[in-house]
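Here is a set of exercises to work through with the model open on your screen. Try each task before you read its solution.

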Amino acid sequence: MTTVAGGWFRTMFDRSRAQRPGRTEELANRAVDLMVEHQRTGRADVLEEAVGAARAALAVTPDDHPHRGAVSDILALALLGVHERTGDMAALEEAVEEGRRALATVPRDDPRRAGVASNHGMTLRSLFESTGRPEVLDEAIETGRLAVAAAAEADPDRPQYLGNLATALLARFESTGRIEALEEGIATGRRAMAAAPDGSPYRAALSANLAPALRRQYECTGRVEVLEESIGAARQALTAVAPGDPKRAGVVANLGMALVRMFERTGQTALLEEAIDGGRQALRGTAHNSRQGVVVLNLLHCAYLRLFDRTGSDEALEEAIETGRQMLAVIPSGHRGRADLLASLGVAQRLLFERTDRVDVLVEAIETGRRSVADSPLDHPNRPDNYANLSNSLLRLFQRNGRVDVLEESIEKGRMAVAVSPLDQPKRAMHLYSLGAALNDLYDRTGSVEALHEACRYFGEAGAGATGEAFLRYMAHRRFAQAAIARGTPDAALRAIEEAVELLTAVLPSDLARSDREHRIGRLPGLAAEAVAAALAAGRPERAVELLERTRGVLAADAHSARGPDMVRLRGYAPHLADELERLRVRLGVPDAPTASVPLPDQEGPPATVWEARRQLAEDRRDAYEEWRRLLDRIRGLPGFSGFFQAPGIEELVHDAQGARVVFVVVGALRCDALILPESAGQPVEVLPLTSLTQDTAMEYTNRMFAAVNAANDPELDPVERVRAQQEIFSVLAWMWDTITEPVLTHLGHVAKPGPGEDWPRVRWCPVGFLAYLPLHAAGYHVDDPERTAAPRAVMDRVVSSYTTTIRALARQPETGGRAAVIVPVAEIPGAAPLPAVPEETTDISALVADAQVLTPTTRDVVLRALPEYRIAHFACHGSSGWADPAQSCLLLSDYETEPLTIRDIGALGLNADLAYLSACYTSVTSPLLVDESLHITGAFQLAGYRHVIGTLWQVTDRPAADLARDFYTHLTDGGTVPPQAHRTPQALHHAVRSQRARYPHTPTLWAAHTHTGA
């Protein structure tokens, strides 16, 4: 908090100046002048000189001197300044003693008494903040009330006295959790603001003090308008504090913590970045062991932890640990806030272990957790959390060393967390979930059926309780489903998975920025495979396909689908219901902040304690979930909305597939299967267990494929090693044939190459999870001569392959109009290798496609304006895959350095077009966490409305890629004799790839990367 005194020393002590000053007055006035200069310049030597002048004044002042109390007050304030700047506890203790002497010396009717009392209360509050001694805070508040009572209404310093009292009341709230102290503190702070007219020098400091109180009120009520007011007050205060002012750091910390809370509420990363930037700047000129330094360190500690959670940055996590350690070094033992800091530091250390696998860091996290529990008073509101954090760290150690005694201690601490967590507290669900996870590990380790049943009970209670965060409940349902399958109750497992799917909408609110929604989806991997496992265990393969459609391509389904976006349709039909749904989604999204709650519509008065505030959050979540379910039932009763926010039924999916044989290939921890969509409604979904496939081997071969492709394309690698890499790719392709594609093709009856004149059969592959990185269309033994055997062992010698992200993407679209084709050639750009074959590729395509338009200039805006005019778009350029941030995936056009053509630009086009051919690298690759979302360049063009998209799984070589494109358009146009027949795109690519394989039989990197996605 900002001390309301420093900027007003001169005003306060002008009353003590004598017309003909003696030695006492001369030295005292000198001390005041120096303190004012220190406030202006921040110079430490000036402050030390002020202390010396005040000591000298006190030394020459007799005990019965009329200004003795005022001089003691001056010395106390100077010593307080030293403590605030350096953290010197001896200076603070001496300041308190001098303040007591000053207050005892100044007569009750002296007009200076109010100021002296307020200053002493301020010093006592500082002592409390450094020691955590509650009796000191009680004295500070009592002294603050005395100051306000002693001041006349017209006293120009009255705003200062009110402000200091408000700050002490906020400290009482922080210490005890008593909400009435917070409410009184805010009311007192508002009185102070009202008493300070515009232009008053007090207003900046009063705004700075009001801001954190409002932030804490938000944390207790969930009222976003209160948080917005807090941010506004902090910004106002910051504009009035000069860069060199020592108190600027505290104001920056107040603003930063409010921004962190707003980030937690909205997910807007820019808020977090602003908080960190401000904290870094403030810390440069602030001593870490000063009070101002501690609050800035606290801001950075919290903000870095949130940044790590958002980005996975190791640097952010290490900064969080370092700032936590720096705070711990200056917060004394016995301080009430020390337990929370230890808990937060322990969590950060555990996260660092999970990133580095350093056991010494995990052992340190456990020791930190033990200290946190030991330092938590019995009435501490975060005591259950501290037990849970220790339990989680112990669980990680067990998972590392396998010692059952460590696991048993983790379970013991988890039981303590649940035992001391009140039934009506929102974080109880988290503690239940954590205990269930530990018990599930005990079952896995020992086979204890009792532990499995108990784990199911705790997962079920965490998921069913409407008081927990939506994401936590979602994860609890998933873990319950896994345990229920192991327990032999598949119907219960399927119900839990369906509950998890139902919560997806609440977990992913539509008001988040696209990149922040991508981040949240990245925290949900594996749901599709788990849904399939539960549905198949329950004997319902049709439901498995329905859930696959609901759990994959969530972002694409929000933005575009054959049925139309649910929320867009609802807003057009019943906008009041859409508004109500969004309001409930906001209520469900309120995070478990340290003291978070949401006001009930009929709430009377503020909650009394932090426990009460959390109970109210639990009650509101329970009510909001009930309202959510009732509202969904009401919406689904509207005409045409029966499937609102639900997986499309199997009959609708079969209709959308238009008779296509869609093959879902699903790899999970429990089972691996191929699910085959029937050709017509009424027929069953076919289930083919892939008995030779496991999740571990699938991951192994995926990694082998990545490594081999990278090695084969590395020009700096020894040629012999590059040849070996090509052979490794052949090994992976053969493994895919044996374990995945050959069983599927045999099941479908595709056991031989089509005869002369026969149509090639088609298969639409829909790989789930990380299998999407593998070229299933190229699986096989390519050493065989396909012309000499009736049953060649390669997918491309038996069928034409396509890929689809979802079944709905196959739905029939109306015929397109517009001009034939546009070619976007980008042969040379800064910072990338030239593509010398692009001009020839452009010439070849122009010769085959009549009226093809070669676009110039090839800039982002020109391309975006041109695409809606053409049925076919051909890009010959570099591509960039945003592995860590898929939103940054782009095609490298002429102005890519300043205006990149990103997947967001492409996906937002909303076209009805035929074909996009992407003769570029890595267009079908995305982050492993988002692989089921198809957030890549190929997926963006399909989302934009192109029926057919040709993309690549890895880096492709310039010249061979141009040859393949020429062969493709030759097939598509019958050698240039007819306009492009876009409906023949799958067959044209299939024949072009087989021709490429014939040219380069020993180099699969040149022909296995190209894929067709679409109908």
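In what follows, two residues are in contact when they have heavy atoms within 4.5 Å of each other. Keep in mind that this is a predicted model.

**Exercise 1. Find which residues Val545 touches beyond its near neighbours in sequence, and place Val545 in its core.**

Step 1. Skip the neighbours within four places in sequence; Val545 then contacts Ile650, Leu653, Phe664, Leu675, Leu677, Val685 and Ile807.

Step 2. Now look at the core. The largest nonpolar core has 192 residues, and Val545, Val662, Phe664 and Leu675 are the ones that touch the most other members. Two of these, Phe664 and Leu675, also turn up among the contacts of Val545.

Step 3. Look for a second core. There is a separate one of 66 residues, with Tyr701, Val799, Tyr969 and Val993 among its members.

**Exercise 2. Decide whether Asp673 is buried or exposed, and describe its surroundings.**

Step 1. Locate the residue: Asp673 belongs to strand S2, residues 672-676.

Step 2. Check the accessibility. The cut-off for buried is under 20% relative accessible area. Asp673 has 1%, so it is buried. Next door, Cys672 is buried too, at 7%.

Step 3. Look for a polar partner. The side chain of Asp673 makes a polar contact of 2.7 Å with the side chain of Arg671.

Step 4. List the contacts outside the four nearest places in sequence: Leu536, Phe664, Val665, Val666, Val687, Leu688, Pro689 and Leu690.

**Exercise 3. Work out how enclosed helix H25 is.**

Step 1. Count the buried residues. Helix H25 covers residues 527-537, and ten of its eleven residues are buried. The buried ones are Leu527, Ala528, Ala529, Glu530, Ala531, Val532, Ala533, Ala534, Ala535 and Leu536.

Step 2. Draw the conclusion: with ten of eleven buried, H25 is largely enclosed by the rest of the structure.

Step 3. See what comes afterwards. H25 is followed by Gly539, which has a positive phi near 75°.

**Exercise 4. Find the strands that pair with S12, and say how they run.**

Step 1. Start with strand S8 (residues 870-876): five bridges join it to S12, and the two run parallel. Phe875 sits opposite Leu918 of S12.

Step 2. Move on to strand S13 (residues 946-952), which is joined to S12 by four bridges, again parallel. Here Ala916 has Val949 as its bridge partner.

Step 3. Check burial. Strand S12 spans residues 913-919, and seven of its seven residues are buried, so S12 is largely enclosed by the rest of the structure.

**Exercise 5. Lay out the sheet that contains S9, S10 and S11.**

Step 1. Get the order: the three strands form an open, antiparallel sheet, S9-S10-S11.

Step 2. Pick out the edges. Strands S9 (878-880) and S11 (901-902) each pair on one side only, which puts them at the edges.

Step 3. Zoom in on one pair. S9 and S10 (residues 890-892) are linked by three bridges, and Gly879 is partnered with Leu891.

**Exercise 6. Explain why Cys877 is not in a disulfide.**

Step 1. Find the closest cysteine sulfur. It belongs to Cys921, 9.1 Å from the sulfur of Cys877, so the two are too far apart for a bond.

Step 2. Check the site: Cys877 is buried, with 3% relative accessible area.

Step 3. Widen the search to the whole structure, and you get zero disulfides.

**Exercise 7. Track down some unusual backbone geometry.**

Step 1. Recall the background: most residues other than glycine have a negative phi, and most peptide bonds are trans.

Step 2. Find a cis bond. One joins Thr856 and Pro857, with omega about -10°. Pro857 is in the loop between strand S7 (853-854) and helix H35 (860-866).

Step 3. Look for positive phi outside glycine. Asp851 has about 65°; Asp851 lies in the loop between helix H34 (838-848) and S7 and is exposed, at 72%. Asp974 has a phi near 50°; Asp974 is in the loop between helices H38 (958-972) and H39 (985-999) and is partly exposed, at 40%.

**Exercise 8. Say where the model calls for caution.**

Step 1. Take the overall picture: mean pLDDT for the chain is 84, and 87% of residues reach 70 or more.

Step 2. Find the weak stretches. Over residues 1-20 the pLDDT is below 50, although the model has 64 contacts there beyond near neighbours in sequence. Residues 555-564 also stay under 50, with 23 contacts beyond four places in sequence.

Step 3. Apply the rule: where pLDDT is low, don't read the predicted coordinates in detail.

Methods:
Residues numbered from 1 in each chain as written. Predicted model: local features only at pLDDT ≥ 70, side-chain atom pairs only at ≥ 80, totals over all residues. Heavy atoms only, no water. Pairing = 2+ DSSP bridges. Buried < 20%, exposed > 50% of the residue type's maximum accessible area, 1.4 Å probe, protein only. Disulfide = S-S within 2.5 Å. Polar contact = N/O pair within 3.5 Å; in protein donor to acceptor, adjacent residues only side chain to side chain. pLDDT = per-residue confidence, 0-100. Core = buried A, V, L, I, M, F, W, Y, C linked by side-chain atoms within 4.5 Å.
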